Amino acid sequence: MPVSLDHIHSGTPMGANLIADGAMFRVWAPHARSVHVVGDFNNRQRNDASLLNRDDHGHWRGFIPGVRDRQRYMFYVVGEGSEGPKRDPHARELETPFPSECIIRKTDFPWHESGYVTPRFQDFVIYQLHVGTFFTPNLPHKGGTFLDVARKIPHLADLGVTALQLLPIQEFQTEFSLGYNGTDYFSPEMDFAVGDAALAPYVAEVNWLLDEKGLRRYEVEDLRGEMNQLKALVDLCHLYGLGVILDVVYNHAGGDFGDQSFYFFDRQPPDGGHRNSLYFTEKGHAGGLVFDFAKPEVRDFLIQNAKFFLDEYRVDGFRYDQVSVIDHDGAPNGWRFCQDLTSTLRFQWPRVLDNAEYWSVNPYVVKPPSEGAGFDTTLTDALRIAIRDVIGNASAPDERPLNMTGLARSLWPEGFDEHWRFVQGPENHDIVYHGREPRIARLGDPGNLRSWFARSRARVATGIGLTAPGIPMLFMGQEFLEDKQWSDNFEFHQNLLLHWAGLDQGDKHMTDHVRYTRELINLRWRYPGLRGQGFRVVHVDDHNRVLAFHRWVEGEGRDVIVIVHLATFNRLGYRIGFPGGGLWREIFNSDVYENWVNPGVVGNSGGIFAEPQALHEFSHSAALTLPANSVLVFAR
């Protein structure tokens, strides 16, 4: 006789969930002949006492008494094509080393109730990083971990960013990965966790962060396993005012699935093609398979995954990989899936940021589900391409005209009504990956990565990204002038790891650039016009390499004028229109950060007076001094 149906009902959650004196189990395997649950609690015996009950919808479920926290388990599936063990697609944690059994887990992490609130969308400044390579103090034995990222929280909080965006952290099968080949969607990557034997020193290290806030410390037991270590990272980020965004891959999965993965989960014969694999279609993408969005159970699996990370891990948003693949390769059901996903999440978590990657850029992805996909924001590439174009051309040994006109056009992409509907920045994980495009410092002066040309142009690139419309995004190391590409393979490309040692040892160029980035982000908070809806290009001059734009808060004013100058010499008496007369304070000058404090700073002595001389569709204007390779910001 199959296992008991005690505690089982129509809303029983998927996977393994502890309750009363045992655990509920539920898994979808519609074509399986039988499904057993085997583990530490029943000596892995396949008999009537481990056989789950099938319902009319192809779900196998049951209650087994005596199951305890951290016991291991697997499903044993007998199908028409084969039989054997399968990992639970909803497993919260996996045993090391991979591949391995699933681990039953309580949800009793000791969160600190900080009162943290996810920022308004227009207040996001995103910092993108890869957990395995961001900070790697234990090489060559181990790459970076969730707790290593936590050790850099003071640096990131001091920088002023408001959210960390982690490249995908779901379990992947390869030794190294960017994370886009995940196979176990509810389980954090075990390589990003610290093993029990090495955990005590890490707990002492992160407890220092709690001591600084006067809060209760973690016990070693609290942080055992990748599940609780990821939670600790989120917990500590919130305590320091940082949100956490997860990069999730709902267009395709895996590649090297393995026999015990959710590939052909109900063990149908493989000769029927990938459509017999239960979760996938015949279409491939990036070495994996596209999800079958026609099936309600597949759509629900992915939506439940997002809800799980919001509820269980308290994350603040998602960056959705290649939504364009969901739409195109998942047609005709992919777009509807996106609408169902975003509507579901917004109903329960209205402050969560849903950021879509869609190429080519499609403004309908951020329109309401009545006509669009319902995401809050989307990645755009026009500003990144334009910044890299003008910086790269500026590095040529001449004073050629630059496409400042194209840069101006890119500041607000067509089709977007609100400025926070798009995410932009000059670097990201795709662009500056090993073998692709150079980082900004190298682009600014390929022949001398630490020259004034490289440093000043990097300041301009970062300055544009942090003052332009949109949600700005930095890529790890950008804040301290990292000039190397990066790689997820830290074993063979240790030379591409971030140069934290230079920052720790007080490298002047690096510390000056961190100061520059930090104070420019701080400027965004002090001057709401830099986060306001109002925007207009004031002036563009390709020949003189000048761009000026106006930002303000609609209905309030708070006017700010930003001026970008990419000539290699100081320009005197350059007249720019201003939206009003009188004193305009020079609230930011990038030239100050050249060998901070720059003893030879060039600028406007802290302010200018706009005269009643009409220019650039304004009634007033002022003659300015424009430092070479600079960003200036004026406000009243």
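Colleague: Which residue in E2 stands opposite Ala-16?

Modeller: Phe-25 does. Keep in mind that this is a predicted model. The pair belongs to strand E1 and strand E2, residues 22-28, which are joined antiparallel by 5 bridges.

Colleague: In what order do the strands of that open sheet come?

Modeller: The order is E1-E2-E5-E4, 4 strands with antiparallel pairing. Look at the ends next. E1 (15-19) and E4 (53-54) are the edge strands; each has a single partner strand, so one side of each lacks a neighbour in the sheet.

Colleague: What about the segment before E1?

Modeller: His-7 is found there. The general idea comes first. Most residues other than glycine have a negative phi, and most peptide bonds are trans. His-7 is not a glycine, yet its phi is positive, about 70 degrees.

Colleague: Which residue takes a positive phi in the hairpin of E23 and E24?

Modeller: Arg-545, with a phi near 65 degrees. That hairpin has 4 residues between its strands. E23 and strand E24 (residues 546-553) run antiparallel and share 7 bridges. Within that pairing, Asp-541 stands opposite Val-546 in E24.

Colleague: Now the peptide bonds. Which bond joins Leu-139 and Pro-140, cis or trans?

Modeller: It is cis, with omega about 5 degrees. To find Pro-140, go to the loop between helix H1 (131-134) and helix H2 (146-151). A further cis bond runs from Trp-596 to Val-597, where omega is near -20 degrees. Val-597 sits in the loop between strand E27 (582-589) and strand E28 (607-610).

Colleague: Next, the barrel. How many strands close into it?

Modeller: There are 8, and their pairing is parallel. Follow the order E10-E11-E14-E18-E19-E20-E21-E22. On average, neighbouring strands of this sheet are turned by 30 degrees against each other, direction ignored.

Colleague: Where could I check one pairing in detail? How many bridges join E19 to E20?

Modeller: There are 2. E19 covers residues 353-356, E20 covers residues 377-379, and the two run parallel. For a single contact point, take Asn-355: its bridge partner in E20 is Thr-377.

Colleague: On to helices. What describes two packed helices?

Modeller: The angle between their axes and the distance between the axes. Start with H4 (residues 199-212) and H5 (residues 226-239). Their axes come within 11 Å and cross at roughly 20 degrees. H4 is therefore roughly parallel to H5. The crossing of H4 past H5 is left-handed.

Colleague: Which residues of H4 and H5 meet?

Modeller: On the H4 side, Leu-199, Val-206, Leu-209 and Leu-210; on the H5 side, Gln-229, Leu-236 and Leu-239. The contact of H4 with H5 has 6 nonpolar residues, 1 polar and no charged.

Colleague: Which way does H6 pass H8, in a left-handed or a right-handed crossing?

Modeller: Right-handed. The axes of H6 (residues 296-312) and H8 (residues 334-348) come within 10 Å and cross at roughly 30 degrees. So H6 and H8 are roughly parallel to each other. H6 brings Arg-299, Leu-302, Ile-303, Ala-306, Lys-307 and Leu-310 to the contact, and H8 brings Phe-337, Asp-340, Leu-341, Thr-344, Leu-345 and Gln-348. These divide into 7 nonpolar, 2 polar and 3 charged residues.

Colleague: How do H9 and H12 run, roughly parallel or roughly antiparallel?

Modeller: Take the angle first. The axes of H9 (residues 382-394) and H12 (residues 452-467) cross at roughly 160 degrees and come within 10 Å. Therefore H9 is roughly antiparallel to H12. H9 passes H12 in a right-handed crossing. From H9, Leu-383, Ile-387, Ile-391 and Ala-394 meet Arg-457, Val-460, Ala-461, Ile-464 and Gly-465 in H12. The split for this contact of H9 with H12 is 7 nonpolar, 1 polar and 1 charged.

Colleague: Last topic, salt bridges. How many does the structure hold?

Modeller: There are 46. The general idea is simple. Side chains of opposite charge can pair when their charged atoms come close. One case is Arg-531 with Asp-123, at 2.9 Å from N to O. This pair links distant parts of the chain, 408 residues apart. Arg-531 lies in the loop between helix H14 (508-526) and strand E23 (534-541). Asp-123 lies in the loop between strand E9 (102-103) and strand E10 (126-129).

How values were computed: Residues numbered from 1 in each chain as written. Predicted model: local features only at pLDDT ≥ 70, side-chain atom pairs only at ≥ 80, totals over all residues. Heavy atoms only, no water. Pairing = 2+ DSSP bridges. Axes fitted to C-alpha atoms, helices over the stretch in contact; angles between N-to-C directions. Parallel < 35°, antiparallel > 145°, perpendicular 65-115°, else oblique. Left-handed = near helix turned anticlockwise from the far one by under 90°. Contact = heavy atoms within 4.5 Å. Nonpolar A, V, L, I, M, F, W, Y, C, P; charged D, E, K, R; others polar. Salt bridge = Lys/Arg side-chain N within 4 Å of Asp/Glu carboxyl O.
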